[in-house]
Amino acid sequence: MVDVRRITLPGVGVLHSFTSADGVELAVVAHRTGSSDLVTRPPGADDDATASTIRLREDEAHTLAELLGGTRIVESITELDELPGVPIDWVSIDADDAIAGRELGEVPETSGVAIVAVVRDDHAYPSPARDFVVHAGDTIVAVGPHEGIATVFRAVHQGVGLAGRHGA
């Protein structure tokens, strides 16, 4: 198994990095703005001058994640009840749910809750953008406090707090 290092970069985002079997250091800086930097450093290099950086827009990062097997993020989701200290839950979307056919950005922001993926058929969309349109049959995966997740799922099902709706 690959050892991934995670470093919080205050005011910037999060850096995840690992070293490949060939000695290449690979890192992703996930910016709070939604963009990501893909950084590589050749074996044995210990200065930033030898690093190569590619800035990816949010949609480009999603595409790269899919090409690299982004579905692994949620492949084992059914085996997880909760990560230590971070509840995780998921909900399937039916045709009569308020969010069906609408954008994720219409779901009210709830403190501490993040929608980390949407699964459609056998494909995962990790960190879906706000303009991602949810379809009947999709599964939304969220992490955060139980009460917050319940609020998000109430909006998803009943429309409570959904942008442009007053809910049931």
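Read along the sequence, the chain runs β-β-β-β-β-α-α-β-β-β-β-β-α. That makes 3 helices and 10 strands, where helices (H or I, at least four residues) and strands (E, at least two) are DSSP runs numbered from the N terminus. This is a predicted model, so to speak of local features a pLDDT of at least 70 is needed, side-chain atom pairs count only at pLDDT 80 or more, and totals for chains, interfaces and linings use all residues. Residues are numbered from 1 along each chain as its sequence is written, and side-chain values use heavy atoms, with hydrogens and water left out.

Of the 168 residues in the chain, 33% are buried. Here buried means under 20% relative accessible area, exposed means over 50%, and partly exposed is what lies in between (1.4 Å probe, protein chains only). As for contacts (heavy atoms within 4.5 Å), residues 24 or more positions apart account for 47% of those with a separation of 6 or more.

**Salt bridges**

The structure holds 6 salt bridges, each being a side-chain nitrogen of Lys or Arg within 4 Å of a carboxyl oxygen of Asp or Glu. Here are some of them.

| Pair | N to O distance | Residues apart in sequence |
|---|---|---|
| Arg 41 and Glu 25 | 3.2 Å | 16 residues |
| Arg 55 and Asp 37 | 2.4 Å | 18 residues |
| Asp 138 and Arg 120 | 2.8 Å | 18 residues |

Take Arg 41 and Glu 25, whose closest N and O atoms are 3.2 Å apart. This pair links distant parts of the chain, with Arg 41 in strand β4 (residues 36-41) and Glu 25 in strand β3 (residues 25-31). Arg 41 has a relative accessibility of 15%, so it counts as buried, while Glu 25, at 25%, counts as partly exposed.

Strand β4 also supplies Asp 37, which meets Arg 55 of strand β5 (residues 52-56) in a link between distant parts of the chain. The side chains of Arg 55 and Asp 37 form their salt bridge at 2.4 Å, N to O. Are the two partners buried or exposed? Arg 55 counts as exposed because its relative accessibility is 52%, and Asp 37 counts as buried because its value is 10%.

Then there's the salt bridge between the side chains of Asp 138 and Arg 120, at 2.8 Å. Asp 138 sits in the loop between β9 (123-126) and β10 (139-143), and Arg 120 in strand β8 (residues 114-120), so again distant parts of the chain are linked. Both Asp 138 and Arg 120 are buried.

**Around β7 to β10**

Arg 102 has its place in the loop between β7 (86-92) and β8. With 17% relative accessibility, Arg 102 counts as buried. Its side chain makes a polar contact with the side chain of Glu 106, at 2.3 Å. A polar contact is a pair of N or O atoms within 3.5 Å; within protein, one must be able to donate a hydrogen and the other to accept it, and residues adjacent in sequence count only if both atoms are side-chain atoms.

The loop between β9 and β10 also holds Ser 127. What is odd about the phi of Ser 127? It is positive, about 45°, although Ser 127 is not a glycine. Most residues other than glycine have a negative phi. Ser 127 counts as partly exposed, at 44% relative accessibility.

A search of the whole structure turns up 1 aromatic pair. The ring centres of Tyr 125 and Phe 132 are 5.1 Å apart and their planes are at 55°, so the pair is tilted. Rings of Phe, Tyr and Trp (its six-membered ring) pair if their centres lie within 6.5 Å; planes under 30 degrees apart count as stacked, over 60 as edge-to-face and the rest as tilted. Tyr 125 is partly exposed, with a relative accessible area of 23%, whereas Phe 132 is buried at 13%.

**Into α3**

Gly 144 lies in the loop between β10 and α3 (146-158), and at 6% relative accessibility it counts as buried. Gly 144 and Ala 114 are 30 residues apart in sequence, yet 6.5 Å apart in space, C-alpha to C-alpha.

The 13 residues of α3 should span 18 Å at 1.5 Å a residue, and its end C-alpha atoms are indeed 18 Å apart. The expected span is 1.5 Å times one less than the number of residues. Which residues of α3 are buried? They are Gly 148, Ile 149, Val 152, Phe 153, Ala 155 and Val 156. These cover an arc of only 155° around the axis, which puts them on the same side of α3; the arc is that of the directions from the helix axis to the C-beta atoms. After α3 comes Gly 159, with a positive phi near 90°.
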